[in-house]
Amino acid sequence: MPQHTRTTPAERRRAFREQLASGRLLRMPGAINPLTARLIQDTGFDAVYLSGAVLAADLGLPDIGLTTSTEIAARAQQTTRVTDLPVLVDADTGFGEPMNAARTVQLLEDAGVAGLHLEDQVNPKRCGHLDGKAVTAREEMVRRIRAAVAARRDPDLLLMARTDARSIEGLDAAIDRAKAYVDAGADAIFPEALAGAAEYEAFREAVDVPLLANMTEFGKSPLLDARTLESLGYNIALYPVTLLRIAMGAVEDGLRTLAAEGTQESLLHRMQTRSRLYELLGYEEYTAFDSAVFDFTLPPGT
């Protein structure tokens, strides 16, 4: 059916692992909603990310752990329904104790994701590029990961561990934590807030599993281009909040223009057209099921 993907979650999980093993850098933008996930696929990216910060912002909340596992699982299910790309989900700290992390893993597995990451912050958590973070004891995070591994039913579901220790305990401690998390069963590592290319290189030399580089804007890490990240041996270039920031900037500008001019006429050239939106939504594909769905002609220039 046109409103569903053409691949199964199991197929997407296997494909994700094969991509990570290829040695090629995967480019992974963060989706704002299911429609932008479809657009990420349509423009040729490798995978889709669901950011906890973006979900919180979409709900009008700060990124301090106020969202729930069921809210992120619901958004994940909505997203995996519309894209054949692997979807990686930010599962924060697992939303509680190790037992809660185990339940989160199964909720997200049922939602069809290809992978998720758990972090070693304490609650209330905060954006990884802000000061004032605190990390849990290494042993507690190891318990969190082991619980996640035990809860996983599909062995192809990728379990990634994120460490926020670099800006709190230093680079060496962050690397030591990453190694302990791999020993506990993590399939990949997300080292948050590294300070530069030399630190990315040091992490790559020390840790022998897939690594994610977080290229978030206005943060503690420099914005390295894809070629540089690939040469450093990274497997994923993540752009978690880029689309939200672009969209919200455009929305603010549009509202100011509309308020000042009393019409949206001067904004038309900046808008996605009606025909492009309908193409993205797959209107014509629905005619295979009901010819009454797409029995109209779009006005010229829409």
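**Cavities, a pocket and three helices in a predicted model**

Ala31, Ile32, Leu50, Ser51, Val54, Leu55 and Arg75 line the largest cavity of this predicted model. That cavity has a volume of about 40 Å³, and a search of the whole structure finds two cavities of 30 Å³ or more. The largest pocket holds about 450 Å³ of space. The points below cover these spaces, then helix 4, helix 8 and Tyr278.

**Largest cavity**
- Five nonpolar residues, one polar residue and one charged residue make up the lining of the largest cavity.
- Arg75 is one of the residues in this lining, and Arg75 is also among the buried residues of helix 4.
- Ile32 is another of the lining residues of the largest cavity.

**Second largest cavity**
- The volume of the second largest cavity is about 30 Å³.
- Its lining consists of Leu118, Ile145, Leu159, Met160, Ala161 and Ala186.
- By class, these lining residues are six nonpolar, with no polar and no charged residues.
- Strand 5 (residues 158-163) contributes three residues, the most of any element in the lining of the second largest cavity.

**Largest pocket**
- The largest pocket has about 450 Å³ of space; of the 17 residues lining the pocket, Ile32, Thr36, Leu39, Leu243 and Ala247 are the closest to its centre.
- Helix 2 and helix 11 (242-261) are the elements that each give two or more residues to the lining of the largest pocket.
- Helix 11 gives the most, with six residues.
- The lining of the largest pocket divides into 13 nonpolar and four polar residues, with no charged residues.
- Ile32 appears both in the lining of the largest cavity and among the residues closest to the centre of the largest pocket.

**Helix 4**
- Helix 4 (residues 69-80) has twelve residues and reaches 16 Å from its first C-alpha to its last, close to the 16 Å expected at 1.5 Å a residue.
- Ser69, Ile72, Ala73, Arg75, Ala76, Thr79 and Thr80 are the buried residues of helix 4.
- Viewed down the axis of helix 4, these buried residues fall within an arc of 165°, so they line one face of the helix.
- The buried residues of helix 4 pack against four helices and two strands, namely helix 1 (9-21), helix 2 (34-42), helix 3 (52-58), helix 5 (98-110), strand 2 (48-50) and strand 3 (87-90).

**Helix 8**
- The 13 residues of helix 8 (residues 171-183) should span 18 Å at 1.5 Å a residue, which agrees with the 19 Å between its end C-alpha atoms.
- Leu171, Ala173, Ala174, Ile175, Arg177, Ala178, Ala180 and Tyr181 are buried in helix 8.
- The cover over the buried residues of helix 8 includes helix 6 (138-151), helix 7 (166-169), helix 9 (197-206), strand 5 and strand 6 (188-191).
- Strand 5 thus has two roles here: part of the cover over helix 8, and the largest share of the lining of the second largest cavity.
- Gly185 follows helix 8 and has a positive phi, near 120°.

**Tyr278**
- Tyr278 lies in helix 12 (residues 274-281).
- Tyr278 has a relative accessibility of 16% and therefore counts as buried, the cut-off being under 20%.
- The C-alpha atoms of Tyr278 and Ile246 are separated by 22 Å, with the two residues 32 residues apart along the chain.

Key
Residues numbered from 1 in each chain as written. Predicted model: local features only at pLDDT ≥ 70, side-chain atom pairs only at ≥ 80, totals over all residues. Heavy atoms only, no water. Expected span 1.5 Å × (residues − 1). Buried < 20%, exposed > 50% of the residue type's maximum accessible area, 1.4 Å probe, protein only. Arc of directions from axis to C-beta. Contact = heavy atoms within 4.5 Å. 1 Å grid on protein atoms, 1.4 Å probe; cavity = no way out; pocket = protein on both sides within 12 Å on 5 of 7 lines; lining within 4 Å. Points joined across faces, edges and corners; volume = space filled by probe spheres on them. Nonpolar A, V, L, I, M, F, W, Y, C, P; charged D, E, K, R; others polar.
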